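Biologist: Please take a close look at one part of this model and work outwards from there. Which contacts surround the chosen position, and how is the architecture around it arranged?

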Amino acid sequence: MRKILVVYATAGIGHKKASIAVKKAYEEMNLPDAEVTLIDALDYTNDFFRWSYLQAYLLMVNKLPTFWGLSYYLTDNPFIDLFVSGIRRLNNWANSKKLVKYIIDTKPDVIISTHFFASEVIADLKDKKAINSKLITVITDYRVHAWWIANGTDTYIVASDEVKRELEARKIDPSIIKVMGIPIEPIFSKQLDRSAIFRSTGLRDDVFTILVIGGGFGVGPIEGIAGVVAQLRKNLQTVVVCGRNEELVKKMQKLKEELKLNMKITGFIDNVYEYMEISDVLISKSGGITVSESLAKNIPMIIISPILGQETANCNFLIKNGAAVKVSGLEELRSALEDLIGNPVKMDRMKESIKRIRKPNAAYDVAKLAYEL
C-alpha cells in the first residue's frame with residue numbers, strides 16, 4: 001500500500017483548492033494500492049492559532065494591503081528571514097504538536113504539501129529523523145518567497161521556468177525542481193460542451209461575455225466594476241461570482257436592478273469552470289489558483305490593482321507572457337474592456353500566448369510523481 005498524505009492550510013482558498021485538485025486527480029486515476037488522505041494542517045493546531053492564522057491573513061490582504069505587501073517583501077529579504085525564520089519555526093512547532101503526532105502515527109510514504117506552514121513542520125520532522133516520508137512542496141504562486149524554502153523537501157513543484165530559476169538562485173538543487181504548474185481541479189483540463197453550458201446557465205451565446213470573480217471570500221472592487229460595465233455598449237453580458245460574501249450578493253442584486261444590467265450574480269459556486277468555458281474575458285484578482293484556472297481555460301484576464309506580494313508577481317508573469325491586461329483602477333478598466341471587445345485580433349493573440357504557458361494537467365502530474373517517488 002502506498003500511503004500518500006495531501007496537506008494544505010486554509011489561509012486564503014487557493015492552497016486548499018490545489019490540494020483538493022490533487023486528491024481528485026487520484027480519484028480519477030484510480031491507481032492500484034494508493035491510499036490518499038487529505039487534511040488541513042490547521043485542524044491539527046490549537047483553536048486560537050487556527051483562527052488567528054486565517055484572520056490575520058484576511059485582515060492584512062483586505063484591510064491593510066500595503067502593510068501586507070511590505071511584510072511580504074521584507075520577510076523575503078535573506079537577512080531579515082535569517083532572523084525571523086527561527087522565531088516563525090519555533091512558533092509553528094509549538095502550535096503543531098497534534099499535526100506532528102498525526103504524521104508520526106500515520107507514517108505516510110509521501111507527503112504533498114501546498115502550504116509553507118505544513119512543509120516547514122514536515123521538513124523539521126525529517127531533519128530530526130522522526131519520519132522517513134518523502135516531501136513534495138507545491139509552490140502555489142508564480143514567484144518564490146523565502147517561506148517556501150524548507151530544507152528536507154525532496155521535490156519542489158513550480159509553475160514556470162522562471163520560478164525554477166528563482167529557486168536555483170536560492171541554492172536549491174535543480175534536480176529536485178519540477179516545472180509542472182499549479183494543481184487545479186481536473187475538470188479545468190477538459191473541453192466542455194459550450195452549447196450545453198449556455199443552455200443550463202440561461203446565458204446567451206451570441207454576445208461578449210465578461211466573467212467577474214471576487215475570490216472565495218468575495219473581495220475586490222466588484223461594485224465599481226459593475227458601474228464600469230454599465231457604461232459600455234449593451235450587447236454584452238456579465239457573470240459576477242461573489243464567493244461567500246452574502247452581503248455583496250445582495251448589493252449586486254440591487255445594483256443590477258438600478259443600472260438595468262444584463263448580469264447574472266452568484267454567491268459561492270463549485271462550477272466556475274463552466275463559466276470560464278464560455279466567457280471571453282475574466283476580471284479578477286491574480287491569485288495563483290485563479291491564474292492557473294484561467295490559463296487552463298484559455299481565457300484572457302484583466303487584473304485590477306493587484307496587491308503587493310504574490311498577486312503582483314502572478315500578474316507580472318501574465319503580463320510578461322501576453323496573457324493579461326493590468327489596469328491601475330476602475331478609470332482604466334473601461335478603456336481596457338472596450339479595447340478587448342473591439343479587437344478580436346488582440347484577443348486571439350492573447351489566447352495563443354496562453355497556450356504556450358498553461359499547464360492544465362498539473363494535478364495529474366503531481367499525483368503521478370508522488371505515486372512513483
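Modeller: Alanine 226 has its place in helix H9; helices (H or I, at least four residues) and strands (E, at least two) are DSSP runs, numbered from the N terminus. The model is predicted, so local features are reported at pLDDT of at least 70 and side-chain atom pairs only at pLDDT 80 or more, whereas totals for chains, interfaces and linings use all residues. Residues are numbered from 1 along each chain as its sequence is written, and side-chain values use heavy atoms, with hydrogens and water left out.

With 1% relative accessibility, alanine 226 counts as buried; buried means under 20% relative accessible area, exposed over 50%, and partly exposed in between (1.4 Å probe, protein chains only). Apart from its neighbours within four places in sequence, alanine 226 is in contact with Met252, Leu255, Leu259, Leu261 and Met263, where contact means heavy atoms within 4.5 Å. For a sense of scale, the C-alpha atoms of alanine 226 and lysine 101 are 49 Å apart in space, with these positions 125 residues apart in sequence.

The setting of H9 is an open sheet of six strands, paired in parallel and ordered S9-S8-S7-S10-S11-S12; two strands pair if DSSP finds at least two bridges between them. At the edges stand strand S9 (263-266) and strand S12 (324-327), each of which pairs on one side only. The average turn between neighbouring strands of this sheet is 20°, direction ignored. Helix H9 (residues 222-230) packs on this sheet and touches S7, strand S8 (236-241), S9, S10 and S11. The direction of H9 makes about 175° with that of S8; axes are lines fitted to C-alpha atoms, for helices over the stretch in contact, and angles run from 0 to 180 degrees between N-to-C directions.

Among the strands touched by H9 is S10 (residues 281-284), and both of the faces of S10 are covered. Val281 and Ile283 are buried on one side of S10, and Leu282 and Ser284 are buried on the other. S10 pairs in the parallel sense with strand S7 (residues 208-213) over four bridges, and serine 284 is the bridge partner of isoleucine 213. Towards strand S11 (residues 301-304), S10 has two bridges, again with the strands running parallel; here leucine 282 is opposite methionine 301. The connection between these two strands passes through helix H12 (residues 288-296), so that S10, H12 and S11 make a right-handed β-α-β unit. A crossover is right-handed if, with the strands pointing away from the viewer, the path from the first strand over the helix to the second runs clockwise.

Continuing towards the edge, S11 and S12 run parallel and are joined by four bridges, with isoleucine 304 partnered by valine 327 in S12. Helix H13 (residues 310-320) lies across S11 and S12, at about 125° to S12.

A further open sheet of six strands, with parallel pairing, has the order S2-S1-S3-S4-S5-S6. Its edge strands, each paired on one side only, are strand S2 (34-40) and strand S6 (177-179). On average, neighbouring strands in this sheet are turned by 20° against each other, direction ignored. Within this sheet, strand S3 (residues 110-113) pairs with strand S4 (residues 134-138) in the parallel sense over four bridges, and isoleucine 111 is opposite leucine 135. Helix H16 (residues 362-372) lies across strand S1 (2-8), S2, S3, S4, strand S5 (155-158) and S6, running at about 135° to S1.

Helix packing can be described as well. Helix H4 (residues 78-94) packs with helix H6 (residues 116-127) at an angle of about 85°, their axes being 10 Å apart. H4 is therefore roughly perpendicular to H6; angles under 35 degrees count as roughly parallel, over 145 as roughly antiparallel, 65 to 115 as roughly perpendicular and the rest as oblique. From H4, Arg88, Arg89, Asn92 and Trp93 meet Phe117, Glu120, Val121, Asp124 and Leu125 of H6.

Two loop residues deserve a note on backbone geometry. Asparagine 30, in the loop between helix H1 (14-29) and S2, has a positive phi near 50° and counts as exposed at 63% relative accessibility. Lysine 171, in the loop between helix H7 (161-169) and S6, is not a glycine, yet its phi is positive at about 70°; at 75% relative accessibility lysine 171 counts as exposed.
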